[in-house]
Amino acid sequence: TKNMTSLPDELLQMSEEEMRNRISYIKQEMGTRLLIPGHHYQKNEVIEFADITGDSLQLAQVAERNTEAEFIVFCGVHFMAETADILTTEQQVVVLPDMRAGCSMADMADIHQTTYAWDELQGMFGDTILPLTYVNSTAAIKAFVGKHKGATVTSSNAHKMVQWAFEQKERILFLPDQHLGRNTAFDLGIPLEQMAVWDPIAKKLETDAPLDEIKVILWKGHCSVHEKFTVQNIIDLRENDPTRKIIVHPECTREVVALADDNGSTKKIIDVIEAAEPGTKWAIGTEMNLVQRLIQQNPHLDIVSLNPNMCPCLTMNRIDLPHLLWSLEQVYKGEPVNQIKVDEETSHYAIEALDRMLRNV
Ligand code: 13P
Ligand code: SF4
């Protein structure tokens, strides 16, 4: 299929109301032939039309279970649409409404850097390492990990999966988010001195510890959205109001997670806020669209973003009402654009990594 980034003029001239009506019409006409999953970080104008919303684990599980939809118009980022393609049948077509909706963290580990690092690490540690990759990674990285008997993880099952990995091997390589890897390993009792960082640009291992003491090798990647929550934000907030509880996503740095009152995946943050006592005060350190939605949906709570400048994920925000409508129009005509198709060999090995996670949680 074709890839498309610029929208046709007639669509850009439509009013929001016309766009909404047209989307509702197509959804109604297509019924269960169409599935629209939406990640919690998507804009409200998109979430409004999602058949199912969730964090990355929930959306992967939905994709795996759904055999009915002919077309899955995935409102999230590229790696999530790839995962959906891997987990669905050959006949099901997965579409990403805007091909520019990538993830800067996933882009921080490419397959050539990873094979180079792996060879170097095998030289240093022998056959003692199991690779784990955050689902925020390309299909090629998932396949690499699957081939080497490792698994994927998401922020909501990272503890369980890291524990599982240590039942298989002495040490782990955690890709591509150093913060989720570090925060999870730390929670499991591994001291920071036993964690080293692999720098894919400098092509070297950063550590002061003797090699045989290293338990966790963290890939030097990060989420540019969650890194914007700082220790200074926490200090400022507590100076202003020490009674406000702070909850952050584990993609935030170790220092921020250590100072916060609580941390957890997107799903955990939502669960904590939904269970909060009326009138309580919260500061949340995660993506802006989700924080704003939680503010709107919980008028009985006092919620602010941990960073007063708010932190949007610009690539998640690429998916908007016009792109959603355009991709749906094409699907409705039977001429889908922006199809995400992972090749057979990559899928074969990536499924092994995803399966080890999905069977474990
Ligand atoms: P979760 O959906 O697993 O919480 O991940 C957050 C994220 O950054 C998705 O890109
Ligand atoms: Fe990637 Fe971070 Fe955006 Fe999630 S929030 S898609 S990890 S850049």
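**Entry 1: helix α14**

I began with helix α14, which runs over residues 321-332 and holds 12 residues. From its first C-alpha to its last I read 16 Å, close to the 16 Å expected at 1.5 Å a residue. A reminder to myself: this is a predicted model.

Next I asked how many residues of α14 are buried. The count is 9 of 12, so I call the helix mostly covered, taking 20 or more other C-beta atoms within 10 Å as the mark of a buried residue. I wrote down the buried ones: L321, H323, L324, L325, W326, S327, L328, Q330 and V331.

Which elements do these buried residues pack against? I found three helices on the list, α1 (9-12), α2 (16-30) and α3 (44-47). The strands there are β1 (34-35), β4 (71-73) and β5 (93-95).

One last look at the end of the helix: just after α14, G334 takes a positive phi of about 80°.

**Entry 2: the annotated cysteines**

I then turned to the UniProt record, an unreviewed entry, where the annotation "binding site" covers C103, C223 and C313. These cysteines span 211 residues in sequence, yet no two of their C-alpha atoms are more than 9.4 Å apart, so they gather at one spot.

I took C223 and looked up its place, which is the loop between β11 (216-219) and α10 (231-240). Is C223 buried or exposed? It counts as buried, because 25 C-beta neighbours lie inside 10 Å. Leaving out residues up to four places away in sequence, I see C223 touching M105, D177 and E251.

C313 came next, and I found it in the loop between β15 (302-305) and α14, which takes me back to the helix of my first entry. C313 is buried too, since 24 other C-beta atoms lie within 10 Å of it. With the same sequence neighbours left out, up to four places away, C313 touches Y41, V225 and E287.

**Entry 3: around ligand 1**

Which residues are around ligand 1? My list reads D55, S56, C103, N136, T154, S155, S156, C223, E251, S265 and T266. Two of the annotated cysteines, C103 and C223, appear in it. E251 is there as well, and I had already noted E251 as a contact of C223.

I sorted this shell by character and got 2 nonpolar, 7 polar and 2 charged residues. Finally I checked which domains supply it: domain 2 (106-223) and domain 3 (226-305) each give at least three residues to the shell.

Key:
Residues are numbered from 1 along each chain as its sequence is written. Chains are lettered from A and ligands numbered from 1 in the order in which they are written. This is a predicted model: local features need pLDDT of at least 70, side-chain atom pairs count only at pLDDT 80 or more; totals for chains, interfaces and linings use all residues. Helices (H or I, at least four residues) and strands (E, at least two) are DSSP runs, numbered from the N terminus. The expected span of a helix is 1.5 Å times one less than its number of residues. Two residues are in contact if their C-beta atoms, placed from the backbone, lie within 7 Å. UniProt positions are given in the numbering used here, feature names are shortened, and annotations may be inferred rather than shown by experiment. A residue is near a molecule or strand if its C-beta atom, placed from the backbone, lies within 6 Å of it. Ala, Val, Leu, Ile, Met, Phe, Trp, Tyr, Cys and Pro count as nonpolar, Asp, Glu, Lys and Arg as charged, and the others, Gly among them, as polar. Domain bounds come from an automatic or database domain assignment.
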